Amino acid sequence: SIAGIKSVSKYSLDGETIEEEPEAEFGQLDDIAGSELTNTSIDFITFGNVGSGGTWSASNGDAYVNGYNNGANESWMISKSEVDFSSYTNPVLKIAENLNYFKGFEYSQVLVSSDYDGSSNPNDATWTELEVNGTRAESGDTTTEFTASGSVYVAFKYTNTNNGDAQAWAIATVETAEAGGDNGGGDNNGA
């Protein structure tokens with residue numbers, strides 16, 4: 001055998017021993033402040049594959065994730081504290097989002113948890129996918145309402161297993177609101 005790269009995940013430094021690339025470590029990444037998004041007062045903590053390019057980041061008023069050319073990814077953006085929906089008659093989580101290269105909603109889930117502790121690995125908590133109030137668009141800039149209730153942690157979970165199911169997901173605004181109401185585009189209180 002000759003020294004050098006043997007495949008994307010295997011290498012040899014001595015020409016004899018073939019080493020496996022270590023798996024990416026899952027852990028806490030950079031926080032995303034609500035002020036980095038558009039009309040959002042909720043702050044977020046992120047988790048994902050450390051060193052992967054397919055993790056949540058914020059720029060130009062959006063939180064953004066895209067796993068293309070980054071191998072398998074699991075990336076979470078979670079509210080740093082519980083979001084309270086109890087003051088609404090028909091509460092919704094209202095998000096302004098954009099999906100590109102759509103492969104399926106199972107790769108861009110909006111979830112809630114009442115047993116998440118706010119700081120540890122989200123895979124150790126119980127999460128429930130929120131139901132869409134109306135329809136959710138597969139592409140383009142759109143506002144989507146998700147039926148919510150109580151006081152819960154809110155999470156945006158992005159996954160892809162390979163380049164074939166990688167899609168891009170941008171979130172500009174996250175706010176609580178009354179279902180179907182005009183929330184004024186920046187009123188995070190839903191009043």
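**Notes on an all-strand chain, starting from Ala-170**

1. Let's start at Ala-170, which sits in strand β15. Strands here are DSSP runs (E, at least two residues), helices are runs of H or I of at least four residues, and both are numbered from the N terminus. Keep in mind that this is a predicted model, where local features need pLDDT of at least 70, side-chain atom pairs count only at pLDDT 80 or more, and totals for chains, interfaces and linings use all residues. Residues are numbered from 1 along each chain as its sequence is written, and side-chain values use heavy atoms, with hydrogens and water left out.

2. Is Ala-170 buried or exposed? Its relative accessible area is 12%, so Ala-170 is buried. The cut-offs are under 20% for buried, over 50% for exposed and partly exposed in between, using a 1.4 Å probe and protein chains only. Leaving aside residues up to four places away in sequence, Ala-170 touches Asp-62, Ala-63, Tyr-64, Ala-96, Glu-97 and Asn-98. Touching, or contact, means heavy atoms within 4.5 Å. Ala-170 and Asp-141 are 29 residues apart in sequence, and their C-alpha atoms are 9.0 Å apart in space.

3. Now the whole chain. There are 15 strands and zero helices. Of the 191 residues, 45% are buried. Among contacts with a separation of 6 or more, 67% are between residues 24 or more positions apart. The chain exposes about 9,600 Å², and carbon and sulfur atoms supply 44% of that; these areas come from the Shrake-Rupley method with a 1.4 Å probe, and for residues only the protein chains shown count as cover.

4. Strand β10 is a good one to find next. Eight of its ten residues are buried, so to speak of it as mostly covered is fair by the definition of buried as under 20% relative accessible area. β10 runs antiparallel to β15, with ten bridges joining them, and antiparallel to β13, with eight bridges. Two strands pair if DSSP finds at least two bridges between them. To trace the pairing by eye, look for Asn-98, whose bridge partner in β15 is Ala-170, and for Ala-96, whose partner in β13 is Thr-143.

5. Which residues touch the most other members of the largest nonpolar core? They are Trp-56, Leu-93, Phe-156 and Trp-169, out of 26 residues. A nonpolar core is a set of buried Ala, Val, Leu, Ile, Met, Phe, Trp, Tyr and Cys residues joined through side-chain atoms within 4.5 Å. The elements that give this core two or more residues are β7 (62-66), β10 (91-100), β11 (108-113), β14 (151-160) and β15 (168-178). β14 gives the most, with four residues. Another core lies apart from this one and has ten residues, among them Phe-47, Leu-111, Ala-125 and Tyr-153.

6. On to the rings: there are eight aromatic pairs. Rings of Phe, Tyr and Trp (its six-membered ring) pair if their centres lie within 6.5 Å; planes under 30 degrees apart count as stacked, over 60 as edge-to-face and the rest as tilted. Tyr-116 and Tyr-153 have ring centres 5.3 Å apart and planes at 85 degrees, so they are edge-to-face. This pair links distant parts of the chain, with Tyr-116 in the loop between β11 and β12 and Tyr-153 in strand β14, 37 residues apart. Both tyrosines, Tyr-116 and Tyr-153, are buried.

7. Phe-156 and Trp-169 also make an edge-to-face pair, at 6.0 Å centre to centre and 70 degrees between the planes. Phe-156 is in β14 and Trp-169 in β15, so the pair ties together parts 13 residues apart in sequence. Phe-156 and Trp-169 are both buried. Ring pairs link these two with Phe-44 and Trp-56 into a cluster.

8. Last, the charges. The count is two salt bridges, each a side-chain nitrogen of Lys or Arg within 4 Å of a carboxyl oxygen of Asp or Glu. In one, Asp-31 meets Lys-80, with the closest N and O atoms 2.6 Å apart. Asp-31 lies in the loop between β4 (26-28) and β5 (44-49) and Lys-80 in the loop between β8 (73-79) and β9 (83-84), so the pair ties together parts 49 residues apart in sequence. Asp-31 is partly exposed at 37% relative accessible area, and Lys-80 is partly exposed at 39%.

9. Glu-97 and Arg-136 form a salt bridge too, with the closest N and O atoms 2.9 Å apart. Here both residues, Glu-97 and Arg-136, are buried.
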